[in-house]
Each structure stands twice: as structure tokens, then as C-alpha cells.
Amino acid sequence: MIVIMKQGATEVQIANVTARIEQLGCRVHLSEGKERTIIGIIGNGRPIDREQIELMDGVERTVRILRPFKLASRDFHPLDTVFAINGIQIGSRQLVVMAGPCAVESRAQLLETAHAVKEAGAHVLRGGAFKPRTSPYSFQGLGEEGLKLLAQAREETGLPIVTEVLDPQQVPLVATYADILQIGARNMQNYALLHAVGEAQRPVLLKRGMMSTIEELLMAAEYILSHGNERIILCERGIRTFEQYTRNTLDISAVPLIKQLSHLPVIVDPSHGTGKWELVEPVSRAAVAVGADGLIIEVHPHPEEALSDGAQSLKPERFATLMQSLRPVAAAVGRTL
Ligand code: PEP
Ligand code: MN
């Protein structure tokens, strides 16, 4: 349930309502908008009598929230969540582009890519040090060595780093190097991991599971939010369908739909979403057009030699062209790049 306070409700009135709800064994989430305050009620305390709350001073009305996600919902938090990553406001008019290799393979590969994407205008460097691979015989990533290379690339370019964490025990290690913790599609419902990143002092990039509904994605975000971490970026990266010409089917409608349902920023991964480098540019333009807050794109200096995801990786020159081609689309929808 949410309690909508009257315009101009006083702090004392808000505090009284909060105290009453807490007395009933529930938690409170305050959302202070420009015009009015909304008090969200979470938890399973004693049943709350709506009429009693509505009789309290300063209360306009109460609204029952039927959706299973609360903290992630726009009803609880009507304004967009915006937070800074290295001075870039994600969720604002400014689009955020994350780019880099699928996996950190070597110092030379990473630094060449990092400088190239920075030059082309990317805001965040991506690169996996711990890779979730379908086969145990495929390259699993460089581990901590990869994290150290990412930190070196950040030092040289100034770009913050997003990198995947696979396991709850790994969170402290990855968080010492990463600016953003990535939860991959395969781990979207790894609740122990969601709990661990919920307690970490780092923003989280939460990717949609390849067989997950939008509601399941928002419930996964709810786990992170309920453990105290509000800096979450959601990512549409395609879902598995019967289609064989693409690696996944990118659900472009998920972007405006999630933005209706939730206040959290949403970005699109056209690389995993299509699996084909030729499709990355047109799909990136579509993502910006439908209101995505940013993109995460795989770039490799020599895709034909990549240890993972070469077929969907752009060469640095193509990434630079893509960045240019996004500008008019961004401008058309009132965003900047
Ligand atoms: C990745 O970003 O390289 C990755 C493994 O993505 P996903 O979890 O979306 O498959
Ligand atoms: Mn990849």
C-alpha cells in the first residue's frame, strides 16, 4: 500500500504516519516529490486499516499496490532514479554508453580497446574477468589478473569499469576493482548473489535472464533494493525464442514497458541481444529511440581472434561510427550523448 500525503503536508504529519505504520510492524519507504510525499509500506506486519490511516492529518488517500514488486515500482517512487557514475548521471537526459571487450584477454587487447572506446565517446569500460561460459572447456576469464588490468585501463583512460561477478563470495574482491557490479543473465535469479550485491556499496548492472519475464527481472531488482542498494541499472539483453538467425530475441518493447512500471534506469545490450555485429548499430539506434538510458556494447580490436563473442563484437572504427550515428536519434528524443 502507499499513502499519498496532501500537498503541503507538514513534516510532523509525515512523521506521525510513518510512526503509526512502523508501530504496526511494517517498514516505510519515503518518496519526497516536488509536490507531495508518498509513503510506501513494505513488509508483512499486522494488516493495516486503510480507513484509519486516511483519517490521519495530512493524508490525502491510500492506494493498494497489487504488483509483487514494491521498491522497484513507479507507484512507490514516481520520479526516475538518477545516480552518478564518475560524474555521469545515469537515468538523466544524458545517455550512458558502456563499451569494451566481452572478456579481458590481455593487457594489449584491453588497453587498445579502452583507449579506442574512450576516444569514440564511451562513458564506461566493460570487460569480463570472470566469464560464465556454457562449456567448462571455454576460456573462463583471467580472474583477478583481469580485474587488475581493468583497474590499469581506468587509470589510463579515466573510464569507470563495469565487470561481472559470478559468486557471492567474489563480491568483495570484484567490488574493490569495479565501479559497477554486473549480474549476468545466467545469474539473474541467483538470490544469494543478489543479496550480496544488495549489501555492496557499488551500483549494480542487472541483466535480464535469457528466459525471464519482465516481472521476474523486477523481482530480482527488488531483492537488491530490499537489501539496501538503490543504485541499480536494468539491462534488456534479449531472451531465448524459436528464432535461429539471431542469438537472442531483443525485446525492444521491454524498454518503454519497464520505464512505465519502474523508476530504475534501463539500458540495452544489442551485442548479446542479436549475436551479430552487423545488427548492433541499427538495434542501438532503435534502443535510443524507444527511450533506453544507455547501451552496453562489445568492442574488440580483432574480433576474429576474440576468445569469446567475436561474432557480435564491433571493431573500434565501427564503434566510433555507431556513436556518431546515435547522435541524431538521441537529439530527436531529447537526449544527449
Ligand atoms: C556479457 O556481458 O559478456 C555476458 C555474459 O552477458 P549476458 O549475461 O547478458 O549473457
Ligand atoms: Mn559477451
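**Exercise 1.** Does serine 262 count as buried or exposed, and at what relative accessibility? Determine also which residues serine 262 touches.

*Solution.* The model under study is predicted.
- Step 1: Serine 262 belongs to the loop that runs between α8 (254-261) and β13 (266-268).
- Step 2: The cut-off for a buried residue is under 20% relative accessible area. Serine 262 has 1% relative accessibility and therefore counts as buried.
- Step 3: Apart from residues up to four places away in sequence, serine 262 touches Ala72, Ser73, Arg74 and Leu218.
- Step 4: With alanine 72 there is a polar approach: the serine 262 side chain reaches the backbone oxygen of that residue at 2.6 Å.

**Exercise 2.** Identify the residues around ligand 1 and state how much of its accessible area the protein covers.

*Solution.*
- Step 1: The surrounding residues are Cys102, Arg126, Lys131, Glu164, Gln182, Gly184, Ala185, Arg186, Lys207, Arg237, His272 and Glu298.
- Step 2: Oxygen atoms of ligand 1 are then paired with side chains. A polar side-chain atom of arginine 126 lies 2.8 Å from one such oxygen atom, and for lysine 131 the distance is 2.9 Å. In glutamate 298, an N or O atom of the side chain is 3.3 Å from an oxygen atom of the ligand.
- Step 3: On its own, ligand 1 has 300 Å² of accessible area, of which the protein covers 97%.

**Exercise 3.** Describe the surroundings of histidine 272, one of the residues around ligand 1.

*Solution.*
- Step 1: Histidine 272 is part of helix α9 (residues 270-274).
- Step 2: Its relative accessible area is 8%, so histidine 272 is buried.
- Step 3: Its side chain makes a polar contact of 3.2 Å with the side chain of glutamate 298.
- Step 4: Not counting residues up to four places away in sequence, histidine 272 touches Arg126, Lys207, Arg237, Arg247, Asn248, Glu298, Asp309 and Gln312.
- Step 5: One of these contacts, aspartate 309, is located in the loop between β14 (294-298) and α11. Aspartate 309 is not a glycine, yet has a positive phi of about 60°.

**Exercise 4.** Which residues of the largest nonpolar core touch the most other members, and from which domains does the core draw residues?

*Solution.*
- Step 1: The core holds 77 residues, and Leu181, Leu206, Leu234 and Phe319 touch the most other members.
- Step 2: Helix α7 (residues 214-226) supplies the largest share, seven residues.
- Step 3: At least three residues come from each of domain 1 (2-63) and domain 2 (83-332). The C-alpha centres of these domains lie 37 Å apart.
- Step 4: Contacts of leucine 234, not counting residues up to four places away in sequence, are Leu206, Leu217, Leu218, Ala221, Ile258, Leu264, Pro265, Val266 and Ile267.

**Exercise 5.** Characterise threonine 336 and asparagine 86 by location and accessibility.

*Solution.*
- Step 1: Threonine 336 lies in the segment after α11 (316-332) and, at 33% relative accessibility, counts as partly exposed.
- Step 2: Threonine 336 and arginine 93 are 243 residues apart in sequence, but their C-alpha atoms are 6.1 Å apart in space. Leaving aside neighbours within four places in sequence, threonine 336 is in contact with Arg93, Gln94 and Leu95.
- Step 3: Asparagine 86 is in the loop between β5 (83-85) and β6 (88-90). Its relative accessibility is 53%, so asparagine 86 counts as exposed.
- Step 4: Most residues other than glycine have a negative phi. Asparagine 86 has a positive phi, near 55°.

Note on methods:
Residues numbered from 1 in each chain as written. Chains lettered and ligands numbered in written order. Predicted model: local features only at pLDDT ≥ 70, side-chain atom pairs only at ≥ 80, totals over all residues. Heavy atoms only, no water. Core = buried A, V, L, I, M, F, W, Y, C linked by side-chain atoms within 4.5 Å. Buried < 20%, exposed > 50% of the residue type's maximum accessible area, 1.4 Å probe, protein only. Helix = DSSP H or I, 4+ residues; strand = E, 2+ residues; numbered from the N terminus. Domains from an automatic or database assignment. Contact = heavy atoms within 4.5 Å. Near = heavy atom within 4 Å. Polar contact = N/O pair within 3.5 Å; in protein donor to acceptor, adjacent residues only side chain to side chain. Areas by Shrake-Rupley, 256 points an atom, 1.4 Å probe, with all protein chains shown as cover.
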